[in-house]
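Morning, everyone. I have one structure to go through today, so let us put it on the screen.

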Amino acid sequence: MYCQTSAELETFLLRAQKVTTEGEVAHYIPALKNVDKNTLAMSIYHGQNQCFTVGNTEHTFTLQSISKVLALALALMDHGQEVVFSKVGMEPTGDPFNSIAKLESTKTARPLNPMINAGALVVTSLIKGAGLQEKIGRLLSFVHEMTSAPERKYDEAVAMSEYHTAHLNRSLAYFLKQHKVIEDDIEELLELYCYQCAIEVTCYDLARIGAIFAREGQDPESGRTILPAHIARICKTFMVTCGMYNASGEFAIKVGIPAKSGVSGAIMASVPEWGGIGIFGPALDEKGNSIAGIHLLEMLSSNYELHIF
Ligand code: DON
């Protein structure tokens, strides 16, 4: 697809670029440190086939927590709502994304939602498949289907870098296994989760995925159903209530667009009936969200009246 540039979007990008110096790239996954924190890029997929792009959009980066939305959609298609929500809740936590605190104080040890790491590990354990390769293959095919890009792969170095340092995620997963919320072999589950988080995308891919959620699960070009409307709706609702972690409330008030961030500095936003937005800006704020990405979305929301509330 041909993507146009836009003088107005360039102005927004330059303005947002200034705040990248105030953020820091993620350090706790060693391989994520190897990126220039001033990088900033955005793609917008509008309507059926209009695309705009600004900044360093040639960069590929890893999905990280954005993969949680896609894994949730797959798990819901595999098992239905009743099974999935018997193991993971629907409520925001107000805690950091990797917090272990509420697991012990929640009676059933059921994680509060699928967007925090504990909940995401449960969701990943629900993806059907004969083994690790088949499960990661299903996730890659799903991303391929949504982006219509030639081939999908994960970044092996990022996946392994996370796998070998994921002590906190390991603790969450073993805690959940102890309480029978997770049944899988934990090391294999962690490997799958790290591969899932390390799936490579571009801003354009994220914008296109956002556009599919915006159109209730339909491919904007072909009209083909990629996921059922009620599942697209569930995912978008989680994006509003939990997508930006413990900044979700403030983001909903200031920006008002369903969005999901990842510690790679990516954001995937979905504006119902309008389109999708993909951003890559690896300098993060203290809550793990792209600092320039949030600025850009604030500008887009107010200039194009995208606030959904
Ligand atoms: O599990 C982790 O910590 C990472 N693979 C993903 C976390 C993440 O992206 C949080 N995002 N803001």
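What distance separates the centres of domain 1 and domain 2, taken over C-alpha atoms? The value is 20 Å. Please keep in mind that this is a predicted model. The chain is divided into domain 1, covering 7-63 + 200-304, and domain 2, covering 65-197. To the contact between them, domain 1 gives 38 residues and domain 2 gives 41 residues.

Next, the nonpolar cores. The largest has 75 residues, and Met146, Phe213 and Leu227 have the most contacts inside it. Both domain 1 and domain 2 give residues to this core, so it lies between them. Take Phe213 as an example. With neighbours within four places in sequence left aside, Phe213 is in contact with a set of residues including Val69, Leu70, Met146, Leu227 and Ala232. Cys235, Lys236, Met268 and Ser270 are also in contact with Phe213. Another core, of 29 residues, lies apart from the largest one, and among its members are Phe12, Ala16, Val255 and Ala292.

Now the sheet. It is an open sheet of five strands in the order 2-1-7-6-5, and the pairing is antiparallel. Which strands stand at the edges? They are strand 2 (50-55) and strand 5 (259-261); each has a single partner strand, so one side of each is left without a neighbour in the sheet. On average, and with direction ignored, neighbouring strands here are turned by 10 degrees against each other. Further in, strand 1 (residues 41-46) and strand 7 (residues 275-280) run antiparallel and are joined by six bridges. In that pairing, His46 stands opposite Gly275 of strand 7.

Two helices to point out on this sheet. Helix 1 (residues 7-17) packs on it and touches strand 1 and strand 2, with its direction at about 35 degrees to that of strand 2. Helix 13 (residues 291-303) also packs on the sheet, where it touches strand 1, strand 6 (266-271) and strand 7. The direction of helix 13 makes about 150 degrees with that of strand 7.

On to the cysteines. How many disulfides are there? The count comes to one. The disulfide is formed by Cys3 and Cys51, with sulfur atoms 2.0 Å apart. The torsion about their S-S bond is about 85 degrees, so this disulfide is right-handed. Cys3 lies in the segment before helix 1, while Cys51 is in strand 2, so the pair ties together parts that are 48 residues apart in sequence. Cys51 is buried, at a relative accessible area of 1%.

Two further cysteines deserve a line each. Cys203 is in no disulfide, and the nearest cysteine sulfur, that of Cys51, is 10 Å away. Cys203 is buried, with a relative accessible area of 1%. Cys235 is in no disulfide either; for Cys235 the nearest cysteine sulfur is that of Cys242, 12 Å away. Cys235 counts as buried too, at 1% relative accessibility.

Last item, helix 5, residues 117-125. Is this helix largely enclosed or left open, and why? Nine of its nine residues are buried, so helix 5 is largely enclosed by the rest of the structure. Those buried residues include Asn117, Leu121, Val122 and Ser125. They pack against helix 2 (67-79), helix 3 (81-87), helix 4 (101-105), helix 8 (167-178) and helix 9 (186-197).

That is the end of my slides.

Notes
Residues are numbered from 1 along each chain as its sequence is written. This is a predicted model: local features need pLDDT of at least 70, side-chain atom pairs count only at pLDDT 80 or more; totals for chains, interfaces and linings use all residues. Side-chain values use heavy atoms; hydrogens and water are left out. Two strands pair if DSSP finds at least two bridges between them. Helices (H or I, at least four residues) and strands (E, at least two) are DSSP runs, numbered from the N terminus. Axes are lines fitted to C-alpha atoms, for helices over the stretch in contact, and angles run from 0 to 180 degrees between N-to-C directions. Contact means heavy atoms within 4.5 Å. A nonpolar core is a set of buried Ala, Val, Leu, Ile, Met, Phe, Trp, Tyr and Cys residues joined through side-chain atoms within 4.5 Å. Buried means under 20% relative accessible area, exposed over 50%, partly exposed in between (1.4 Å probe, protein chains only). Domain bounds come from an automatic or database domain assignment. A disulfide is a pair of cysteine sulfur atoms within 2.5 Å.
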